[in-house]
Amino acid sequence: METKNNYSRRRFLQTTGASLGASLMAVPFANVVKASPSRKRTALVGTGVRGVSMYGRNLLRDYSDYIELVGVCDINPGRLDYGVEFIGTNAPKFTDLEKMLADLRPEILIVTSRDDVHHEHIIKGLEYGCDVICEKPMTIDEEKAQAIIDADRKYDGKVIITFNYRYPPYRAKLKQMIMDGLIGDIEQVEFHWNISHSHLMRYMQRWHGERDFGGTLWVHKNTHHFDMINWYLDSDPVQVHAYGSLELFGANNDYRGNNCRDCRYTAKCPYHWDITQNEHLRKLYTDNEHHDGYIRDNCVFREEIDIHDRHAAVVKYANGAYLNYSLSAHSEYSGYWMALNGSKGRLEVRTHSYPERDYEELLFTPNRRYTNEPPRLVRVHHGVGGHWGGDPILTDQLFKNPDKPDPLGQQAGVRDGAMSILIGIAARKSIDAGQPVNIEGLTDLVPMAKRPK
Ligand SMILES: NC(=O)c1ccc[n+]([C@@H]2O[C@H](COP(=O)([O-])OP(=O)(O)OC[C@H]3O[C@@H](n4cnc5c(N)ncnc54)[C@H](O)[C@@H]3O)[C@@H](O)[C@H]2O)c1
């Protein structure tokens with residue numbers, strides 16, 4: 001049988017021997033930074049806030065015994081300079097990813113660049129023999145997703161999509177309860193996420209507000225949510241019917257400025273934000289605008305904004321389950337509510353940011369057909385660290401214990417990365433077409449009632 005590895009190794013040699021092989025052989029080996037054999041030679045592309053903190057500074061602070069940061073890349077030379085200084089590394093800097101890969105030959109490439117270029121970086125990393133760790137979303141449309149799927153089949157390297165939403169302890173507990181059969185077969189899921197107005201405006205101010213860069217929040221943000229549901233259901237989506245609209249931001253206002261920091265409507269605009277008051281963001285972004293024109297504090301009323309701020313969808317799964325989904329940002333409320341209704345009972349979680357607390361509670365309501373047990377609350381404390389304690393658990397698995405057993409299947413690869421964005425992509429298409437859209441046919445992935453391992 002043709003496994004990924006024997007197929008891709010052979011294909012790698014066949015297809016890259018002439019072009020890529022030649023460039024690899026031409027590598028000036030003097031440029032290759034030597035790492036201690038026990039530490040993985042790791043390179044980073046994308047020195048925005050995410051890259052320089054979670055996969056830069058924190059990586060050096062917490063995982064220096066396991067990885068060596070051998071190179072850092074960004075197309076913006078100013079952001080790269082400050083990013084490297086902030087990370088606290090002497091690793092060489094590159095504005096060209098291919099040159100970094102050819103010169104340094106890292107074992108791992110971490111991708112924290114803008115969503116619409118993830119596919120280029122994943123594929124380039126695989127071509128150069130790396131394992132790739134890529135931030136969500138895997139990419140923003142079905143053609144780019146297919147290119148990644150093809151490359152994943154072709155090359156040996158492993159691709160991991162960092163769905164940190166799978167890692168908070170209370171979400172892992174929920175997964176365990178489902179796997180233990182507590183609620184039986186899940187038939188219906190309710191999932192309603194609210195981001196506050198003040199959070200949404202951060203998306204509207206930058207590239208996330210334009211679908212060509214972030215694929216709309218259906219993809220950029222909701223990939224997290226759809227992935228969680230796919231993971232809990234252990235099934236693939238088959239069809240999506242969605243509604244969406246843009247009602248607060250973009251052209252929906254009678255005034256607009258250029259940069260938020262010094263706009264002439266500052267006094268009356270409820271979204272006024274002076275980015276220059278934040279030294280880190282100023283050094284990372286505003287000081288380097290002249291290199292590439294990337295404005296971090298655009299007007300939330302600029303006419304280029306073409307994403308939605310109100311989202312609702314119904315998703316049908318291959319195992320017969322239905323998902324009722326919404327993402328709203330029309331309030332200052334921040335939190336979500338999720339319920340999984342199964343043949344044996346219901347599991348529910350509600351989170352909110354006010355008041356701050358260090359735990360979540362899962363409400364289990366057994367089905368009377370099975371037991372007379374009363375409903376019960378299961379309290380699970382957050383861990384230490386970002387995203388309800390999930391981020392450090394994810395990075396431990398990535399860098400410290402990559403071979404540790406993964407009984408809950410928390411680590412996600414290309415298929416999971418694809419299935420989660422395909423729901424968002426189908427939702428976008430459904431809104432445009434005014435009818436349901438099938439997942440099958442968007443890529444060559446065939447939805448399955450039970451996801452393959
Ligand atoms: N999992 C999470 O919770 C989470 C949180 C924040 C961000 N993210 C993801 O992390 C990624 C980065 O987010 P961010 O907020 O730091 O964005 P950002 O825009 O601040 O940073 C992206 C960087 O990529 C660089 N870049 C763009 N095109 C490039 C190219 N062709 N080659 C090299 N570099 C290029 C930009 O110059 C910029 O420095 C995004 O994909 C985002 O979705 C995930």
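The shell around the ligand mixes all three residue classes, with six nonpolar, nine polar and seven charged residues. This is a predicted model, and its protein chain is divided into domain 1 (4-164) and domain 2 (166-249 + 306-399 + 411-438). Here is a short tour, from the ligand to the domain contact and on to the sheet.

**Around the ligand**
- There are 22 residues around the ligand, and those that come nearest are G46, G48, R50, S113 and E135.
- Among the contributors to this shell, α3 gives the most, with three residues.

**Where the two domains meet**
- The chain's two domains, domain 1 and domain 2, make a contact that takes 26 residues from domain 1 and 29 residues from domain 2.
- On the side of domain 1 that touches domain 2, α3 (49-63), α7 (142-154) and β6 (159-162) each supply at least two residues.
- Helix α7 provides the largest share of that side, five residues.
- Sorted by class, the side of domain 1 that touches domain 2 has 15 nonpolar, three polar and eight charged residues.

**The pair α7 and α16**
- Helix α16 covers residues 414-433, and its axis comes within 10 Å of the axis of α7, crossing at roughly 170°.
- Angles over 145 degrees count as roughly antiparallel, so α7 and α16 are roughly antiparallel to each other.
- From α7, the contact is made by E142, A145, I148, I149 and D152, while α16 brings V414, A418, I421, L422 and I425.
- The contact of α7 with α16 has eight nonpolar and two charged residues, and no polar ones.

**The nine-stranded sheet**
- Nine strands form an open sheet with mixed pairing, in the order β14-β13-β12-β11-β7-β10-β9-β8-β15.
- At the edges are β14 (376-381) and β15 (437-438), each of which pairs on one side only.
- Strands of a sheet pair through backbone hydrogen bonds, in either a parallel or an antiparallel way.
- For β13 (residues 359-366) and β14, the pairing is antiparallel and runs over six bridges.
- Within this pairing, L363 stands opposite L377 in β14.

**Helices on the sheet**
- Helix α8 (residues 169-179) lies across β12 (345-352), β13 and β14, and runs at about 135° to β14.
- Helix α12 (residues 222-233) also packs on the sheet, where it touches β7 (186-194), β8 (237-245), β9 (310-317), β10 (322-328) and β11 (335-342).
- The direction of α12 makes about 160° with that of β7.

Methods: Residues are numbered from 1 along each chain as its sequence is written. This is a predicted model: local features need pLDDT of at least 70, side-chain atom pairs count only at pLDDT 80 or more; totals for chains, interfaces and linings use all residues. Domain bounds come from an automatic or database domain assignment. Two residues are in contact if their C-beta atoms, placed from the backbone, lie within 7 Å. Helices (H or I, at least four residues) and strands (E, at least two) are DSSP runs, numbered from the N terminus. Ala, Val, Leu, Ile, Met, Phe, Trp, Tyr, Cys and Pro count as nonpolar, Asp, Glu, Lys and Arg as charged, and the others, Gly among them, as polar. A residue is near a molecule or strand if its C-beta atom, placed from the backbone, lies within 6 Å of it. Axes are lines fitted to C-alpha atoms, for helices over the stretch in contact, and angles run from 0 to 180 degrees between N-to-C directions. Angles under 35 degrees count as roughly parallel, over 145 as roughly antiparallel, 65 to 115 as roughly perpendicular and the rest as oblique. Two strands pair if DSSP finds at least two bridges between them.
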